[in-house]
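The following tutorial dialogue concerns the reading of structural features from a model. Please consider the structure shown here first.

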Amino acid sequence: MASNCKGCAEFEANKKALDEVIEKYKNTQGPLIPALHEAQQIYGYLPFEVQRQVAEGLDIPLAEVYGVVSFYTGFTTKPKGKYRINVCLGTACYVKGAESVLDKFKTVLGLNEGDCTEDRKFSLDACRCIGACGLAPAVMINDDVYGNVTPDNVELF
């Protein structure tokens with residue numbers, strides 16, 4: 001299958017691993033979600049070419065695959081960075097200035113929410129709550145939580 005994705009070399013390099021995942025789930029009941037999870041582990045996200053390969057391999061309509069990918073928040077169609085930055089915009093964080101923290105990260109990284117740097121080092125997202133209300137405003141970088149973050153100390157990260 002020809003690919004016209006931005007990361008064509010990456011897609012082609014991992015195509016065999018994805019073929020193995022598809023083969024593993026091909027004759028099982030409810031194969032789509034587990035296959036997509038493994039595909040996302042391989043690529044880090046689910047670009048169109050990966051969704052198409054899964055759809056064709058599992059003989060499931062592409063529209064159904066896309067519907068699942070776009071519905072579940074655990075799936076992403078955009079690459080994520082090595083350092084995944086999530087700014088909490090839950091009530092406590094928002095009230096204590098989290099929106100300004102998010103804006104500062106956007107400025108420092110030159111990213112919009114949901115985007116990733118070209119080198120895939122950093123990605124920036126907002127989330128609703130990370131369960132650190134007492135540390136508001138809070139930021140999560142990968143699995144580490146940082147509290148009392150202000151726009152002035154964003155560049156320290």
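The dialogue below takes up a helix, two polar side chains, aromatic pairs and cysteines.

Q: What kind of model is this, and how are its residues numbered?
A: This is a predicted model, in which local features need pLDDT of at least 70 and side-chain atom pairs count only at pLDDT 80 or more, while totals for chains, interfaces and linings use all residues. Residues are numbered from 1 along each chain as its sequence is written, and side-chain values use heavy atoms, with hydrogens and water left out.

Q: How should the span of helix α6 be read?
A: Helices (H or I, at least four residues) and strands (E, at least two) are DSSP runs, numbered from the N terminus. The expected span of a helix is 1.5 Å times one less than its number of residues. Helix α6 has twelve residues and reaches 16 Å from its first C-alpha to its last, close to the expected 16 Å. Gly110, which follows α6, has a positive phi near 65°.

Q: Which residues of α6 are buried, and where do they lie around the helix axis?
A: An α-helix has 3.6 residues a turn, so residues three or four places apart point the same way. A residue is buried under 20% relative accessible area, exposed over 50% and partly exposed in between (1.4 Å probe, protein chains only). In α6 the buried residues are Ala98, Val101, Leu102, Phe105 and Leu109. Seen down the axis, these buried residues fall within an arc of 100°, so they line one face of α6; the arc is that of the directions from the helix axis to the C-beta atoms. Their cover includes β1 (83-88), α5 (91-95), β2 and β3 (139-141).

Q: What does the side chain of Gln40 reach, and is Gln40 buried or exposed?
A: A polar contact is a pair of N or O atoms within 3.5 Å; within protein, one must be able to donate a hydrogen and the other to accept it, and residues adjacent in sequence count only if both atoms are side-chain atoms. Gln40, in helix α2 (residues 32-43), reaches the backbone oxygen of Gly74 with its side chain at 2.8 Å. Gln40 counts as buried because its relative accessibility is 15%. Contact means heavy atoms within 4.5 Å; leaving aside neighbours within four places in sequence, Gln40 is in contact with Tyr45, Leu46, Gly74, Phe75 and Thr76.

Q: Where does Arg120 lie, and which side chain does its own side chain contact?
A: Arg120 lies in the loop between α6 (98-109) and β2 (122-127), and its side chain makes a polar contact with that of Tyr45 (3.3 Å). With a relative accessible area of 27%, Arg120 is partly exposed.

Q: How many aromatic pairs does the structure contain?
A: Rings of Phe, Tyr and Trp (its six-membered ring) pair if their centres lie within 6.5 Å; planes under 30 degrees apart count as stacked, over 60 as edge-to-face and the rest as tilted. The whole structure has five aromatic pairs. One of them, Tyr146 with Phe157, is edge-to-face, at 5.0 Å centre to centre and 75° between the planes. Tyr146 lies in strand β4 (residues 144-146) and Phe157 in the segment after β4, so the pair ties together parts eleven residues apart in sequence.

Q: Why is there no disulfide between Cys93 and Cys88?
A: A disulfide is a covalent bond between the sulfur atoms of two cysteines, and the criterion is a pair of cysteine sulfur atoms within 2.5 Å. The structure holds zero disulfides. The sulfur of Cys93 is 3.6 Å from that of Cys88, its closest cysteine sulfur, and therefore too far for a bond. Cys88 is buried, at 2% relative accessible area, and Cys93 is buried at 3%.
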